[in-house]
Structures are given as structure tokens and as C-alpha cells.
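User: Could you take a close look at the salt bridges in this one for me? I'd like to know who pairs with whom, and where those partners sit.

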Amino acid sequence: MRKLGAAILGATGAVGQRFIQLLDNHPWFRVREVIGSHRSAGKTYAEAAHWILNDNPPAAVAGLAVKALDDPINSPLIFSALPKEAAMTRELELADAGHVVCSNASANRMLPDVPLLLPEVNAEHIGLVDVQRRQRGWTSGALIANSNCTVMPVVMALKPLLKYGLRRLHLVSEQALSGAGYPGVASMDMIDNIIPFVPGDEQKMEIESRKMLGYFDGEVIQTLDMVVSATCTRVPVLDGHLVNISVELDEGPALSSIVDDWRTWQAADPIPRLPSAPEYPLQYLEHIDRPQPRRDRDAGRGMMTSIGRLRACPILGYKFAALSHNTVRGAAGCSIMNAELLATQGYIEGFQVAEAARVT
């Protein structure tokens, strides 16, 4: 099939590089434009990007000329790894111009008409794109966001438990250094240390989790009626956000029933057949000291959520740990999977749905 052209905003940064790495040899999409700062504009991508991932930039992208943020963009599909300030207006401008923008930035994710999409958890929220287009007068453009990277393992682990009724939630995160971008936290602050504060993330975890686990009523997202308290910490780990979760449920299922829910849970078609999707998005690890970032962050090519240590909580009823790769599942990988879902549902002009079905 003829691959759909894609552009990367913030392509030279840490998340932009992860987009480029994950899109290399993607069966549906091809990176045709890379957008950076005015300092990078005009250089080749290989010259402009200080590559911090393994190996080298993909050959298909290394020779592309970097565009400035305000340059015209031709690709129908755009992935955004922009900083918040730059994303706030540019993402909306590009959607208004007819592009489908799948954003990892936090700037617009809590707008009422912007889906905060995680396909296995809330694929039905994609219907908000129709409301967005109607209200804003967009014909082919759209803006879709994915959540804060630390919320990701939380909502993935809680989705199969929604049937028991979620009442109260207490979260304590241990977040990897890569979540702070590059160069990130100063070594004198981080070595031999844990920082018990990550700016803005506690509020994001408390608010975004309720939006993602809420339901779409045909016009707006009705957030989940659940009390959430979060504490966020930064730890000296390169990749992988671990969250310790305590939850109170309306019903009182057995621990074995919850483990079985996690191990067997799948989203509805076509989600398990999307190119970036693991067939089963959750794994439960029996060892008492798992999950661990170094050992479990790459499960399912970094797209699975690893869960462990389920046990009784004397305060809320249940407690466990959940882990996701923060720059794969929690950032670029989720945006790419969002685009795959949008494409299969006919939201991206020029994408050949029938051919894609044959590929998958």
C-alpha cells in the first residue's frame, strides 16, 4: 500500500526522536517532514538532531531538511512533540488548516472537545472528533491528544476493573528521568536521590484519569465520578514510570478474579490488530518484586503495561504496582496508535482503509 505522509513537530527533541524511531518501517505511515526550531531550520535532520536513542537516526529521515514551526506543512497527518507553549496555538492552527494532529503535548488535552485518547481504554471517545469538527467548522482537520505519560499505566490497569465500580484512588509515582526531556534533571540533583515533586503531574494524574475513564455521551465526555489523590516523584531510572496504586471498589472481587481480568482483557476490534498494538495489552507478573523498569519496560515492544504485587489494602481494599514505558506507550507510541485508530475509522483523508485491513 502507498504509505500516508506524516510530519513530526518538535522532531529534534527527545519525544520527537522516539516518534521517528517508532515510525521507521511503519506499514501505514512514512515520515516526510520534520519540523524543529528556527535554529535547526535548513539543516538536515542528522545535522540538527542530537540523537540520544540507540543506533543512528533512520536513513530515510536523516537527510530530510528541517522546517521551521511556521513553515507550510504538506502531510495530512501530523504528530506533535512540541513544548506546551508552542503547541497551544500551532496545533489548533494546523487542525484548522485540515491536518489531523495527534499530540503528545499537554497544551490542549483538557479542552472539552479534544479526545484524550488511549485506544484500549476509551476508543469510543473518538466520536468527539465529529463534535469538534462541527463546532469549529473543520472539515478534514482534527486534534487528538494522549495523556500524561504517568497516567498511562494507571488507566490501563483500571480499565478492566471499571465493572466493579471505582470509588477512590491513591497514586504514588516513581517517574523515570526521560520524562523530564533532555537534558532533564541535573545530575547533582538526581544521583543518590529521589525528588518528591514533579511539576504539574499530580494535577494531571488526578484530572486526566477521570476524563479518560469517563464516557462519551454523544456531545461531551462525562468524567468518571471518582476521588483521586496523587503524589509524583522523580527517581534515578532512565525509562519506565512505575506507579503504586491503591483503589477502593464498589464491589469486592477476589484477588484471583482481578488477576484473571488483567490477563484476559482485550479491547474490541480493530484495536488488537492495529500495527502498534500488543494483542494483550496487560501482563501480570507473579514475582513479588515485579514489575521493575529495567526488566519490564520493553514488554510488547514497549507498548504493554506490566502489573504486579496485587494484595489487600487495609485502607482502600486493593493495592498493586503498574509500569509502562513512558516515552513509548506513554508518549510517541500512544500518539501513533491513536493515528492508526483514526485511520481505520476514516478520519484521515487519503488513507486507504481497505488496503490497511489487508496489511493487518
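Analyst: Before we start on the pairs, a word on the naming: helices here are DSSP runs of H or I with at least four residues, numbered from the N terminus. Also keep in mind that this is a predicted model.

A salt bridge here means a side-chain nitrogen of Lys or Arg within 4 Å of a carboxyl oxygen of Asp or Glu, and that rule gives a count of 14.

Let's begin with helix α4, which covers residues 84–96 and holds both R90 and E93. These two sit 3 residues apart, about one turn of the helix, and they form a salt bridge whose closest N and O atoms are 3.2 Å apart. How accessible are the two partners? R90 has a relative accessible area of 14%, so it falls under the 20% cut-off and counts as buried. E93 comes in at 42%, which makes it partly exposed, because that value lies between the 20% and 50% limits.

Helix α9 has a similar story to tell. D201 and K204 both belong to this helix, again 3 residues apart, or about one turn. Their side chains meet in a salt bridge, with 3.9 Å from N to O. D201 is buried, at 7% relative accessible area, while K204 is partly exposed at 24%.

Stay with α9 for another pair, as E208 forms a salt bridge with R109, with 3.0 Å between the closest N and O atoms. This pair links distant parts of the chain: E208 is in helix α9 (residues 201–212), whereas R109 is in the loop between β5 (100–103) and α5 (119–122), 99 residues away. Both E208 and R109 are buried.

There's a network to look at, too: R167, R168, E248 and D250 are linked by salt bridges.

While you have the model open, a few backbone spots in loops deserve a click. The peptide bond from Y182 to P183 is cis, with omega near 5 degrees, and P183 is found in the loop between β7 (166–175) and α8 (187–190). Another cis peptide bond joins R290 and P291, with omega about 10 degrees; P291 lies in the loop between β12 (282–285) and α11 (293–296).

Then there's N25, a non-glycine residue with a positive phi near 65 degrees. N25 is in the loop between α1 (14–23) and β2 (29–36), and its 66% relative accessibility counts as exposed.

Key: Residues are numbered from 1 along each chain as its sequence is written. This is a predicted model: local features need pLDDT of at least 70, side-chain atom pairs count only at pLDDT 80 or more; totals for chains, interfaces and linings use all residues. Side-chain values use heavy atoms; hydrogens and water are left out. Buried means under 20% relative accessible area, exposed over 50%, partly exposed in between (1.4 Å probe, protein chains only).
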